[in-house]
Amino acid sequence: MSTRLLKAFSSNFAHPSFAIGFCVSLILVAFALLSLVWTPHATDIVNVANRFAAPSGNHWFGTDFFGRDILSMLMAGALTSLRVAVLAVAIGMVIGVPLGLLAAGHGGWLERLILRFNDFVFAFPAIITAIIITTLFGPSAINAMIAIGIFNIPVFARVARGGALSIWTLDYVDAARLSGLRVWQISVRHVLPNILSLLIVQATIQLSLGILAEAGLSYIGLGTQPPETSLGLMLKEAQSFFLAYPMQAIWPGVTIIAFVMGLNLMGDGLRDQMDPKLSKAGGMNVTG
Amino acid sequence: MSLAKLEQLTVRFGDREVLSRLDLEIQPGAQVGLVGESGSGKSLTALTLMNLLPERAEVSGEIGFSFDQRTKIDAAQLGEDLNFPYRGAQIGMVFQEPMTALNPLMRTGDQIGEVLALHRPENNTKAHIEALLAEVDLPAHMRTRYPHELSGGQRQRVGLAMALAGEPALLIADEPTSALDMITQRGVIDLIKRIARERKMALLFISHDLGAVAALCDQIYVLEKGKLVEHGPSQAILQSPQQAYTKRLVAAAKPTPRPAFTRTKSATPLLQVNGLTRQFRQRRWLWQRPSPVTAVDAATFELHAGETLGLVGPSGCGKTSLSRMIAGLDPAQAGEVHFDGHRFGHKQGSMPRAARREISMVFQDPFGSFDPRMRMRDALFEPLHLMPELSAEQRQERVTEAIERVGLSTDMLGRYPHAFSGGQRQRLAIARAMVLKPKLMILDEPVSALDVSIRGDVLALLHDLQEKFGMAYLFISHDLDVVRTVTDRVMVMNHGQIVERGKVDDVFDRPQAEITKKLLDARLTILG
């Protein structure tokens, strides 16, 4: 199994956008994870005397309004953004994929019910859901995560159902039905492994959307709250000083862009590799 | 002087040689057949003549044409950069897949017009397009139809009209009838034959079906794994093949005498089907009541233990729908099935779990019937879900026995499906169906997707298994020769109804129903 994965992975590196996207994402994730154990400076110590310090050997990217080290803030902020996006994708997959599989496998009224529920959830952008949750429970990173997660549910349910429908028409599914397997067993044994690549591609794209959504929610004050930090929150705090100290906003902005683009490029690359219809070099079947 | 000539043509992809040192010659007005199994390099030969080889192909050898004047082309120069005016003009081509060979967004007349505009602009008139359609036996109003409005046979005729539009001296037909059912196939082959004669056009007909080639061609080239095995006049090749490979192909294409059956028939039928009906509801417009389309109309028949019942009919006649209802895969809208003491159907609901283990099925496509992400071992153990009473050792024994019965060994089972050939997969599919030792096996075109030379092996295997275990077979096929070889009784279906039934020899020798006569007439035997 591991050699197969490795093979698939190495062949992906021939694809330039995948290679670039993967490297950028990997660096940013490593950078975020590093903040768990080490940052150049503590992010919760305020040193107003040293505010708006210019970049120097001690503070590579300078300091902010409270004299906190911007590099350390970026690392911690990237971690918050990543954590929110990853858990939101997890929420979406854990609830959405089974719903999609159930809809495709069961059909009939249950499928219609799930599809209408999907449409209903899909009609609310993450921001509306976040506002509702914030009104009820107050703003926090966890609530942002739940809001984005709810937004992800119908996305994954649709992708899973679409993929599963095409698998359900195949002979090996009929063979499994003849073997007496029940709908959920077929969904887990045969359908899920065969739509996994679709789901992985979608997860990469939802991850980048999640980072963007977290930044947006924190920026309007519905997400992460101080003294925690996130990339969106850093943008919000830098806004007041933008004319005097533009670098305060540019650093978190660039990090968000790099993150989102890296993940998108990686997702597109993966999709190209996995969808034979899109790959140009796809082995022509001419030896007939 | 030959019209087209290939000399020492070699094509390789990387270090894989797919055609080696092929010599082939087509005289003006001659009908040449190119026969071989999948992967033998037949299509590559056609693509070389059309200068349509994929870019990664490394080619060597020489190609000669003498249309208006003699030309010689160094095969290594083939490619888009080469000045190659013959494609679509002096050389026309008909492709295998009528679904994808036409542009779905263009009316058929416009597609024919496109070829005319490129190669015979003076002929690009409505009258000429209609004349071309008439030549391929299509009415003039087909000009304004889109491809999805045509049947497979009609699409293939349009493809032929497009190939003829450039007034080619050489027509290449690459498996033009393989995707069609028997009756349509016969029609298209007769049409190509007539047109080639009338136009005095040379034909290169590529097929895996020796019968089709025998019906059309006066010369046959036999390819095996990229090498020319044998060539010569059709009669000589078919009547006294010299090489072992050709002998095998010829033997496989001839109907073999039926082995004698030694089984005794039981008194009570194993399977009794009463008035089984399947309908699909279709709605044309939102406000209309959905009107039912009947796929199977009140099918009634019996099948005894140890018997083989054939089910034949043109494509879309409801053979597969009927078998899926019996296997419990699809619900019935009316009627019932009595099977081995169990009852199910419209009123009784779906198949009881206890009956499941007594019915299994082998599908047509050996490539689609295994989960590509599941090891063979797991796929073969899957049916044993139905026998929870078996211990782990007994399960292992069952699988080992099934594998050995089909002539494979258990040490291949760690592989994934892609590592097996088509013939091996079909054996494995039979093994999977055997694991439960069912009383009834439904075989849905079990050999149609296989190369001719391995069909015989698979049929012999099925026969042996029946002798040993006394299973009943419901054998679905459109290939009448195969049906005659393996079945005791036969039923003929058309438009969802069983129109004729009886002992296989009676039905085939003295057909009553119109469709049976048509099916029998459409047969292409290499003896005729």
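1. Strand β3 of chain B merits comment at the outset: B:Gln31, B:Gly33 and B:Val35 point to one side of the strand, B:Val32 and B:Leu34 point to the other, and all are buried. The strand is accordingly described as mostly covered, with 5 of its 5 residues buried. This reading, like those that follow, concerns a predicted model.

2. Two strands pair with β3(B). Strand β8 of chain B (residues 202–207) is joined to β3(B) by 5 bridges in the parallel sense, and within that pairing B:Val35 has B:Ser207 as its bridge partner. β9(B) also pairs with β3(B) in the parallel sense, through 4 bridges; here B:Ile220 of β9(B) stands opposite B:Gly33.

3. Confidence should be stated for the chain and for the complex. The average pLDDT of chain B is 87, and 96% of the residues score at least 70. For the complex, the predictor reports a pTM of 0.78 and an ipTM of 0.76.

4. Helix α8 of chain B (residues 244–253) has a buried set made up of B:Tyr245, B:Thr246, B:Leu249, B:Val250 and B:Ala253. Viewed down the axis of α8(B), these buried residues fall within an arc of 130 degrees, and therefore they line one face of the helix. The general background is that an α-helix has 3.6 residues a turn, so residues three or four places apart point the same way. The cover over the buried residues of α8(B) includes β3 (31–35), β9 (219–224) and β10 (227–233) of chain B, together with the helices α6 (210–216), α7 (234–239) and α14 (452–469) of that chain. β3(B), discussed in the opening points, is thus part of this cover.

5. Chain B is divided into two domains, domain 1 comprising 28–54 + 84–239 and domain 2 comprising 271–280 + 292–521. Taken over C-alpha atoms, the centres of domain 1 of chain B and domain 2 of chain B are separated by 35 Å. Domain 1 of chain B brings 7 residues to the contact and domain 2 of chain B brings 8 residues. On the side of domain 1 of chain B that touches domain 2 of chain B, there are 3 nonpolar, 2 polar and 2 charged residues.

6. What surrounds B:Ala4? Setting aside residues up to four places away in sequence, B:Ala4 touches B:Ile26, B:Leu49, B:Phe65 and B:Leu170. B:Ala4 belongs to strand β1 of chain B (residues 4–13). B:Ala4 counts as buried because 24 other C-beta atoms lie within 10 Å, where 20 or more suffice for that class. The C-alpha atoms of B:Ala4 and B:Ser66 are 6.5 Å from each other, although these residues are 62 residues apart along the chain.

7. β1(B) runs antiparallel to strand β2 of chain B (residues 16–26), and 7 bridges join the two. B:Leu9 has B:Leu22 in β2(B) as its bridge partner. The two strands form a hairpin with 2 residues between them, and B:Gly14 in the turn has a positive phi of about 65 degrees.

8. Which residues other than glycine have a positive phi? One of them is B:Asp340, whose phi is near 50 degrees. B:Asp340 is placed in the loop between β14 (334–339) and β15 (342–345) of chain B, and it counts as partly exposed, with 18 C-beta neighbours inside 10 Å. Another is B:Lys437, which is not a glycine and has a positive phi of about 50 degrees. The loop holding B:Lys437 lies between α13 (422–434) and β17 (440–444) of chain B. B:Lys437 likewise counts as partly exposed, with 15 C-beta neighbours inside 10 Å.

9. Chain A contains 10 helices and 0 strands. Of its 288 residues, 47% count as buried. When contacts in chain A between residues at least 6 apart in sequence are considered, 70% join residues at least 24 apart.

10. The remaining matter is the contact between the chains, in which 18 residues of chain A meet 28 residues of chain B. On the side of chain A that touches chain B, α7 (171–178) and α8 (183–219) of chain A each supply at least two residues. α7(A) gives the most to that side, with 7 residues. By class, the residues of the side of chain A that touches chain B comprise 9 nonpolar, 6 polar and 3 charged.

How values were computed
Residues are numbered from 1 along each chain as its sequence is written. Chains are lettered from A and ligands numbered from 1 in the order in which they are written. This is a predicted model: local features need pLDDT of at least 70, side-chain atom pairs count only at pLDDT 80 or more; totals for chains, interfaces and linings use all residues. Two residues are in contact if their C-beta atoms, placed from the backbone, lie within 7 Å. Ala, Val, Leu, Ile, Met, Phe, Trp, Tyr, Cys and Pro count as nonpolar, Asp, Glu, Lys and Arg as charged, and the others, Gly among them, as polar. pLDDT is the predictor's confidence in each residue, from 0 to 100. Domain bounds come from an automatic or database domain assignment. A residue is buried if 20 or more other C-beta atoms lie within 10 Å of its own, exposed if 12 or fewer, and partly exposed in between; C-beta atoms are placed from the backbone. The arc is that of the directions from the helix axis to the C-beta atoms. Two strands pair if DSSP finds at least two bridges between them.
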